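Here are my notes for someone opening this one up for the first time. Have a look at the sheet, then the helices, then the empty spaces.

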Amino acid sequence: MSTDETILDRLAIRELVENWSIYRDNREWERFLTVWHDDGVMMTTWGGKATPQQFVEAATKGFAKGDRMLHIVGGVTSLVEGDRGFAMSKLRIQQRGPVEGVACDVVCIGVNFDFMEKREGRWGLVLRQPVYERDYIDPVDPNQEVELDPEIMERRPDGYQRLAYLQEGLGYTIKPDMPTEVGAEREALVAAREAWLRGEPLAWPQD
């Protein structure tokens, strides 16, 4: 049975998950940083490992040069063990940009793994690691078609191939080993979650 305190903790964790997307997509960066602890780590396909401040700087520069991304949060579940917390939430990323000269929308569906900690009475994010499960690409103009280079596609894991294709075309260096629906990376991430909830040091990211 959940205690009243645990229920409040889970509500606070859920609010952090939802606020991340709202503040990020609306570029409310001061509020965005309040979601994190100062030593937090953000993982992305297009930037790899970053502090929250580094993420803000990179996202701000990207928006200024025309990058457009949106994030949708679906269901959220959380686990609380003392001052350690973890949330898993359904994730939908949409990015619009040119692919082989055609304006396209790329949609990637996955799950966020969020490692949380309560410090001095305040919950905050210690790590966000998205897991990429499916992605799709559609021309913005349905009368157009886009042809993807199979060699470029082959370089990226199934789960974020099309997202990586778009981002690489925009000049980003893609992290090639992000966790996907199945595989060693996801298994290691789940193991890191269990260790975190047992009170052990954070065992992710691995590099």
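1. A term to start with: two elements are in contact when they have heavy atoms within 4.5 Å. With that in hand, look at helix 6 (residues 184-197), which lies across strand 3, strand 4, strand 5 (102-119) and strand 6. Helix 6 runs at about 25° to strand 5. Keep in mind that this is a predicted model.

2. Now the sheet itself. It is open and built from 6 strands, and going across you meet them in the order 2-1-6-5-4-3, with mixed pairing. At the edges sit strand 2 (48-50) and strand 3, each of which pairs on one side only. On average, neighbouring strands in this sheet are turned by 15° against each other, ignoring direction.

3. One pairing to pick out is strand 1 (residues 36-44) with strand 6 (residues 122-139): the two are parallel and joined over 3 bridges. To find your place there, go to methionine 42, which stands opposite arginine 128 in strand 6. Helix 3 also packs on the sheet, where it touches strand 1, strand 2 and strand 3. The direction of helix 3 makes about 50° with that of strand 1.

4. What about closed spaces? Searching the whole structure for cavities of 30 Å³ or more turns up 1. The largest cavity has a volume of about 130 Å³. Its lining counts 18 residues, and those nearest the centre are Thr44, His71, Ile93, Pro130 and Tyr132. Helix 1, strand 1, strand 3, strand 4, strand 6 and helix 5 (161-169) each give two or more residues to this lining. Sorted by class, the cavity lining has 11 nonpolar, 5 polar and 2 charged residues.

5. Then there are the open spaces. The largest pocket comes out at about 240 Å³, and 19 residues line it. Zoom in on Arg24, Phe63, Asp67, Arg68 and Met69, which lie nearest the pocket's centre. The pocket lining splits into 8 nonpolar, 4 polar and 7 charged residues.

6. Which element supplies the largest share of the lining of the largest pocket? That would be helix 3, with 4 residues. At least two lining residues each come from helix 1 (4-25), helix 3 (52-64), strand 3 (68-81) and strand 4 (84-99). So much for the pocket; helix 3 is worth a second look, as it also touches strand 1, strand 2 and strand 3 of the sheet.

Key: Residues are numbered from 1 along each chain as its sequence is written. This is a predicted model: local features need pLDDT of at least 70, side-chain atom pairs count only at pLDDT 80 or more; totals for chains, interfaces and linings use all residues. Side-chain values use heavy atoms; hydrogens and water are left out. On a 1 Å grid over the protein atoms alone, a cavity is a set of points where a 1.4 Å probe fits but cannot get out, and a pocket is an open set with protein on both sides within 12 Å along at least five of seven lines; lining residues have an atom within 4 Å of a point. Grid points are joined across faces, edges and corners, and a volume is the space filled by probe spheres set on the points. Ala, Val, Leu, Ile, Met, Phe, Trp, Tyr, Cys and Pro count as nonpolar, Asp, Glu, Lys and Arg as charged, and the others, Gly among them, as polar. Two strands pair if DSSP finds at least two bridges between them. Axes are lines fitted to C-alpha atoms, for helices over the stretch in contact, and angles run from 0 to 180 degrees between N-to-C directions.
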